[in-house]
Structures are given as structure tokens and as C-alpha cells.
Amino acid sequence: MAAEIVNPRSDSDTAGATRVQGSAGHEAGGEPLDSFDPVFALHRGGKMAVQATVPVRDKDDLSLAYTPGVARVCSAIAEQPDLVHDYTWKSQVVAVVTDGTAVLGLGDIGPEASLPVMEGKAILFKQFAGVDAVPIALATKDTDEIIETVVRLAPSFGGVNLEDISAPRCFEIERRLQEALDIPVFHDDQHGTAVVTLAALRNAAKLTGRTLGDLRAVISGAGAAGVAISKFLLEAGIGDVAVADRKGVVSRDRDDLNPVKRELAEITNRAGLSGSLEAALAGADVFIGVSGGTVPEAAVASMAPRSFVFAMANPEPEVHPTVAHKYAAVVATGRSDFPNQINNVLAFPGIFAGALQVRAARITEGMKIAAADALAEVVGDDLAADYVIPSPFDERVAPAVTAAVAAAARAEGVARR
């Protein structure tokens with residue numbers, strides 16, 4: 001029997017706020033939270049359900065969907081394991097896995113508190129690319145236990161989307177799972193952000209008559225997103241990139257770096273910069289913020305003419321757009337109420353849809369670059385300072401990314417159909 005993950009709410013069902021009442025979720029005065037907060041109203045009962053895609057109306061349907069008919073399918077798969085992709089949901093469903101240690105800007109809030117985000121991620125998969133996804137929140141922070149658990153769950157899924165797992169553990173978890181499994185493993189906090197950033201940066205460079213190779217970037221934040229963006233931009237051919245953490249530029253002369261940052265120091269910062277983020281921004285072409293905090297206006301003013309400011313912290317960008325527009329040719333944020341939103345939903349649904357479509361064994365750098373290029377091309381002739389990246393609701397986005405990723409998988413030899 002096949003099933004699909006659905007959003008159980010209709011437009012006329014105002015989140016089912018009054019259908020189920022529990023003892024929890026009340027303010028001190030006793031009123032349910034969802035009686036006055038529409039966010040809680042929408043979340044009551046969860047945002048997902050499982051719905052059958054085949055009918056079970058009578059005994060004949062039952063005998064086909066379940067016993068005795070299902071045994072024939074099981075036996076066929078036992079003899080030819082690849083048939084699992086054709087006769088179960090495996091090739092259409094992704095596990096969204098977290099340990100709740102780096103949820104949004106909330107930090108380590110635990111697996112239960114992470115579930116609203118994981119449900120949200122799952123319905124975005126379905127809404128934007130037709131991909132089913134199942135939230136899995138794990139009650140462990142142990143790296144080995146997370147890896148073992150996901151490996152044991154993997155037969156049920158066509159791909160694994162790692163989500164909101166803190167750095168530097170997330171790097172090892174992704175790497176080891178990629179080595180252990182023959183299905184795509186993708187840490188969206190890293191690579192989704194990097195893909196959308198590259199797409200916007202390509203178009204910003206095009207708008208100002210430059211190429212990636214002409215640009216020097218400074219990234220604020222050496223966590224999951226900052227590390228992934230820096231590596232991805234280098235892979236795509238950027239002129240130079242320096243990364244700054246709380247203690248300043250990640251450079252070879254520092255003796256306080258963990259293994260991930262030591263590796264980063266070896267491949268970034270060709271200019272040999274050291275010291276503060278503010279000092280590194282002097283003459284820089286690009287600022288990319290994935291850390292929070294506030295960058296002084298004077299540092300933004302010191303950047304090169306026609307600079308780009310991508311301040312992506314939420315809810316408060318590192319550089320407010322009103323400040324950034326005084327000095328930058330292109331400004332982007334992570335917020336939906338400003339132009340040029342760097343939003344991962346532009347990338348991960350289509351990337352997984354493309355990978356699943358061709359049963360890719362993994363998601364390669366080439367597939368991610370193809371996704372970024374496809375995103376950039378959606379903008380087309382409408383390119384402008386306030387439109388270097390398409391809207392998540394642009395219906396062209398997911399099909400373009402899906403097709404590009406599938407083609408790249410075939411070209412790189414990781415497709416299996």
C-alpha cells in the first residue's frame with residue numbers, strides 16, 4: 001500500500017483550533033494559547049497526516065492492498081531488491097532527521113521542541129516539489145548513535161535530509177552517513193543555504209558586469225552554513241573568501257581552531273587576512289552573514305564600490321537593509337519582508353526531487369552547482385538589484401532545479417535510472 005504525507009488542513013478549516021483541546025498549551029490565566037495566537041491555532045494537532053493513495057473499500061481491495069496480495073510483492077522484492085523502488089513509497093520519500101540541537105535561532109531545544117520545524121520542513125517538500133517527507137526527531141546527541149539510527153532506518157527512505165544538528169558534529173554525521181548509505185544524504189543547513197547564496201551571487205555579479213572570479217567575499221559565521229558556503233563558493237570559482245568567527249578571521253596563524261576550522265584556514269583567505277571581521281571587510285566585494293550579531297555601519301561603508309551585502313540572520317539581519325542600501329549595489333536577507341530572500345526552500349525540494357527521480361546514490365557538488373545555476377537562470381531577463389533570486393512561490397523554481405539536478409546526476413554517473 002502506498003501513502004502520501006499531506007497537510008491535513010483546508011483553507012476553510014482554521015487550523016482545527018477548537019476540535020482538540022488538551023490540558024497543555026495554556027497561558028497562566030488558563031486560556032489556550034491558540035485562542036489568541038494564530039500561530040498556535042495553525043499548529044494544533046500538527047501540520048501533517050498520512051493519507052492512503054489507494055482505496056480500501058471492500059474485501060477485494062483489502063486482499064490487494066494487504067494480505068494475501070501484498071505477500072506477492074514482498075516475495076518479488078526479496079528476490080529482486082531493486083523492485084522496492086517501484087512497488088513501495090521508498091523512491092518518493094525523504095527522512096527529515098534532527099537531534100534538536102540547532103533549531104532555527106533557538107539553539108539546543110531538544111527533539112520534541114524541534115518537531116514543529118521538522119513538520120514544516122516536510123510540508124515544504126510536499127508543497128514545492130511533491131516529495132513526501134517524514135519528520136524524525138532523535139532523543140540522542142551522540143554522533144555514533146545518530147549515525148547508527150539513521151543507517152538502520154534507511155531501508156524505508158529514498159533520501160535523508162539532516163536538519164538543525166549543531167556544528168561541528170553535523171559535518172561528521174553527514175560525511176559518515178554518505179559513506180555508509182547508497183541514498184542521498186543532504187544537510188540542508190549547509191548545502192541548501194550555499195546553493196541559494198551562490199545563485200543570488202551569480203546574478204548580482206552579472207548585474208554589475210562581473211564574474212565570481214572578480215569577487216572577494218567575507219563570511220560572518222564559521223558554523224554549518226558558513227563552512228559550506230565558503231567551500232561551495234570556492235568550488236564555483238570565487239576569487240577569494242575569508243571566514244570570520246567570534247574571534248576574528250579564520251587564518252593559519254590562529255592556534256585555537258578546531259579541525260573543521262583548521263581545514264577551512266587551509267583553503268580560504270588567500271589574501272592572508274587576520275584580525276577582526278570589520279578589518280577584513282575593508283575593500284571586500286561581498287559580505288555574507290550567517291551568524292547573527294551586528295556589523296557596524298562603518299565597516300559596511302569600507303567595502304568596495306558596487307558591493308553586495310547578504311545579511312541572512314533571522315529575525316535581525318547583521319546589517320539592516322536600510323543601512324546596507326546606502327553602500328551596496330545588491331542587498332539580500334533571510335527575511336520574506338525584504339527583496340532578495342535567501343531561502344533554502346528554493347533549493348532542497350527540487351534537489352531531492354531530482355535526485356529521487358533518477359535514484360541518485362548521492363548528491364554531488366556538480367548537482368548542487370547545477371541547482372544554483374538553474375535557480376539563477378529562472379530570474380532571466382528580469383534581473384534587477386531587487387530581484388537577483390526568484391521567489392519561493394515562483395512555480396518555475398522546483399521544476400527547473402529538479403531537471404538540472406537529474407541531468408547533472410546522469411552526467412556525473414551517480415544516477416541509477
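## Working through a predicted model

R176 is partly exposed, at 25% relative accessibility. Keep in mind as you go that this is a predicted model.

### Exercise 1: R176 and its partner

**Task.** Find the residue that forms a salt bridge with R176, and work out how the two are placed along helix α7.

**Solution.**
- Step 1. Start with the charge partner: R176 forms a salt bridge with E172, and their closest N and O atoms are 2.9 Å apart.
- Step 2. Now count along the chain. R176 and E172 are 4 residues apart in helix α7, so about one helical turn separates them.
- Step 3. Check how open each one is. Buried means under 20% relative accessible area and exposed means over 50%. R176 has 25% and E172 has 32%, so R176 counts as partly exposed and E172 is partly exposed too.

### Exercise 2: The helix around them

**Task.** Compare the span of helix α7 with what you'd expect for its 12 residues, then say what its buried residues pack against.

**Solution.**
- Step 1. Helix α7 covers residues 169–180, and at 1.5 Å a residue it should span 16 Å.
- Step 2. The C-alpha atoms at its ends are 17 Å apart, which agrees.
- Step 3. Pick out the buried residues of α7: R169, C170, F171, I173, E174 and L177.
- Step 4. Look at what surrounds them. These buried residues pack against the helices α6 (143–153), α8 (188–207), α9 (224–236) and α10, and also against β5 and β6.

### Exercise 3: Two more salt bridges

**Task.** For the pairs K59–D60 and K368–E365, give the N to O distance and decide whether each residue is buried, partly exposed or exposed.

**Solution.**
- Step 1. The side chains of K59 and D60 meet in a salt bridge at 3.6 Å, N to O. K59 is exposed at 66%, while D60 is partly exposed at 45%.
- Step 2. For K368 and E365, the salt bridge has an N to O distance of 2.5 Å. Both sit in helix α15 (residues 365–379), 3 residues apart, so they're separated by about one helical turn.
- Step 3. K368 is buried, with just 5% relative accessible area, whereas E365 is partly exposed at 32%.
- Step 4. For the wider picture, a search of the whole structure turns up 25 salt bridges.

### Exercise 4: A buried lysine

**Task.** Describe where K261 sits and what its side chain meets.

**Solution.**
- Step 1. K261 belongs to helix α10 (residues 259–267).
- Step 2. Its relative accessible area is 18%, so K261 is buried.
- Step 3. Skip the neighbours within four places in sequence, and K261 is in contact with A222, D245 and V250.
- Step 4. With one of these, D245, the K261 side chain makes a side-chain polar contact of 3.0 Å.
- Step 5. Zoom out a little: a network of salt bridges links D245, K247, R254, D256 and K261.

### Exercise 5: Reading a sheet

**Task.** Which strands stand at the edges of the sheet β4-β3-β5-β6, and which helix packs on it?

**Solution.**
- Step 1. The 4 strands make an open sheet in that order, with parallel pairing.
- Step 2. β4 (132–137) and β6 (185–187) are at the edges; each has a single partner strand, so one side of each has no neighbour in the sheet.
- Step 3. From one strand to the next, the twist averages 25 degrees.
- Step 4. Helix α5 (residues 111–129) packs on the sheet and touches β3 (93–98), β4 and β5. Its direction makes about 170 degrees with that of β4.
- Step 5. Now take one pairing: β5 (residues 159–162) is joined to β6 by 3 bridges, and V160 has V185 as its bridge partner in β6.

### Exercise 6: A covered strand and an enclosed helix

**Task.** Are the two faces of strand β11 buried or exposed, and how many residues of helix α14 are buried?

**Solution.**
- Step 1. In a regular strand, side chains alternate between the two faces of the sheet.
- Step 2. In β11 (residues 307–311), S307, V309 and A311 are on one side, F308 and F310 are on the other, and all are buried.
- Step 3. Check the partners. β11 pairs in the parallel sense with β10 (residues 286–289) over 4 bridges and with β12 (residues 328–333) over 5 bridges. F287 stands opposite V309, and F310 stands opposite A332.
- Step 4. Turn to α14 (residues 348–357): 9 of its 10 residues are buried, so the rest of the structure largely encloses this helix. Among the buried ones are F348, I351, F352 and L356.
- Step 5. After α14 comes R359, with a positive phi near 55 degrees.

Note on methods. Residues numbered from 1 in each chain as written. Predicted model: local features only at pLDDT ≥ 70, side-chain atom pairs only at ≥ 80, totals over all residues. Heavy atoms only, no water. Buried < 20%, exposed > 50% of the residue type's maximum accessible area, 1.4 Å probe, protein only. Polar contact = N/O pair within 3.5 Å; in protein donor to acceptor, adjacent residues only side chain to side chain. Contact = heavy atoms within 4.5 Å. Pairing = 2+ DSSP bridges. Axes fitted to C-alpha atoms, helices over the stretch in contact; angles between N-to-C directions. Expected span 1.5 Å × (residues − 1). Salt bridge = Lys/Arg side-chain N within 4 Å of Asp/Glu carboxyl O.
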